[in-house]
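Thanks for coming. I have one structure to go through today, so please have the viewer open.

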Amino acid sequence: MNEAEVFRALADPTRRAVFERLAGGGQNATQLREGFAISPPAMSQHLAVLREAGLVAEQRVGRHVNYSVRPEGLAPLAEWMDRYRAFWPGRIEKLKDLLKEMDQ
Amino acid sequence: MTLEVSENDKDVMFEGALEAAPEKVWRALTVPELVSAWLLPAAENDGGLKLDGSPEGLPQVDCQVIEADAPNLLRYRWRAEGERGSGGTFELTPITGGTWLRLTHEAAIVLVAANGNTPVMRAAA
């Protein structure tokens, strides 16, 4: 699992919506399809991508498979944000310095 | 003059006042020699900028201009080596004595054109 996979998985609006739904609590595929106008195979495909990216875990319960969010799967996204949260403030200070030195 | 920081789950946003007119800030954001002075060593590259992060142990960054409305809105596709594409948006609003800058760096992969819902960029692998 890496940053690129996590970003790719969440790039798709439907997958992001599926992920957000699961973040509200685990569901099986049938429950999960409610409210999404997509076919069972399409949902399976989305879930497979989310699982491969480490964002979603599945657990067999009787005849159903339950899907739930793996919160640690979002770590690459958090790292990305930390990186730029640290990067920009210093740059903007330098931009202010530059603006003082520039001619109109 | 401090910058305020806010964030949601997929972008990093900074905003604050700059003591320069939007036109001047615009040049600082777009002219390679000036970008080099505050961001990273920059060279023109195919209608955008190539930033060289190597002196600081950072990646090379390919910045392509997605949208430019001088001197108010500049949207870059920010593609750092080893990262997914992301979007950097600079919004410049004139205020008394300068410019209000809002910088949004979004991990959101799909950038939506300002004029509608047409995705203009979907980061490729």
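How many bridges join S5(B) to S6(B), and do they run parallel or antiparallel? There are eight bridges between S5(B) and S6(B), and the two strands run antiparallel. Before I go on, note that this is a predicted model.

Let me stay with that pair of strands. In chain B, strand S5 covers 60–69 and strand S6 covers 73–80. They are joined by a hairpin of three residues. B:Pro71 sits in the loop between them. The peptide bond leading into that proline, from B:Ala70 to B:Pro71, is cis, with omega near -10°. If you want a register for the pairing, take B:Cys63, which stands opposite B:Trp78 in S6(B).

S5(B) has another partner. Strand S4 of chain B, residues 48–52, pairs with S5(B) in the antiparallel sense, over four bridges. Here B:Leu51 has B:Val61 in S5(B) as its bridge partner.

Now two residues from these strands. The first is B:Val65, in strand S5 of chain B. Is B:Val65 buried or exposed? In between: B:Val65 has 14 other C-beta atoms within 10 Å, so it is classed as partly exposed, given that buried needs 20 or more and exposed means 12 or fewer. Setting aside neighbours within four places in sequence, B:Val65 is in contact with B:Gly47, B:Gly48 and B:Tyr76. As for B:Gly88, it lies 23 residues from B:Val65 in sequence, and the C-alpha to C-alpha separation is 9.5 Å.

The second residue is B:Ala80, in strand S6 of chain B. B:Ala80 is also partly exposed, because its count is 19 other C-beta atoms within 10 Å and the buried class begins at 20. Outside the four-place window in sequence, B:Ala80 is in contact with B:Pro59 and B:Val61. B:Asp62 is 18 residues away from B:Ala80 in sequence, with 6.2 Å between the C-alpha atoms.

Next, chain A. Chain A has five helices and three strands, and along the sequence the order is α-α-β-α-α-β-β-α. What is the radius of gyration of chain A? The value is 20 Å, whereas a compact globule of 104 residues would be near 13 Å. The C-alpha trace of chain A spans about 70 × 25 × 20 Å along its principal axes. Of the 104 residues in chain A, 23% are buried. Among contacts in chain A between residues at least 6 apart in sequence, 58% join residues at least 24 apart.

That brings us to where the chains meet. The contact uses 21 residues of chain A and 24 residues of chain B. On the chain B side, strand S2 (11–18), helix H1 (22–30), helix H2 (32–38) and strand S8 (98–106) each supply at least two residues. By class, that side has 17 nonpolar, six charged and one polar.

Last, the core. The largest nonpolar core has 45 residues, and A:Leu50 and B:Val25 have the most contacts inside it. Helix H5 of chain A, residues 75–101, gives the largest share of this core, six residues. Which residues does B:Val25 contact, leaving aside neighbours within four places in sequence? From chain A there is A:Leu99, and from chain B there are B:Leu18, B:Ala20, B:Leu92, B:Thr99 and B:Leu101.

That is what I have; questions are welcome.

Definitions and conventions. Residues are numbered from 1 along each chain as its sequence is written. Chains are lettered from A and ligands numbered from 1 in the order in which they are written. This is a predicted model: local features need pLDDT of at least 70, side-chain atom pairs count only at pLDDT 80 or more; totals for chains, interfaces and linings use all residues. Two residues are in contact if their C-beta atoms, placed from the backbone, lie within 7 Å. Ala, Val, Leu, Ile, Met, Phe, Trp, Tyr, Cys and Pro count as nonpolar, Asp, Glu, Lys and Arg as charged, and the others, Gly among them, as polar. A nonpolar core is a set of buried Ala, Val, Leu, Ile, Met, Phe, Trp, Tyr and Cys residues joined through C-beta atoms within 7 Å. The radius of gyration is taken over C-alpha atoms; the globule rule is 2.2 Å times the number of residues to the power 0.38. Two strands pair if DSSP finds at least two bridges between them.
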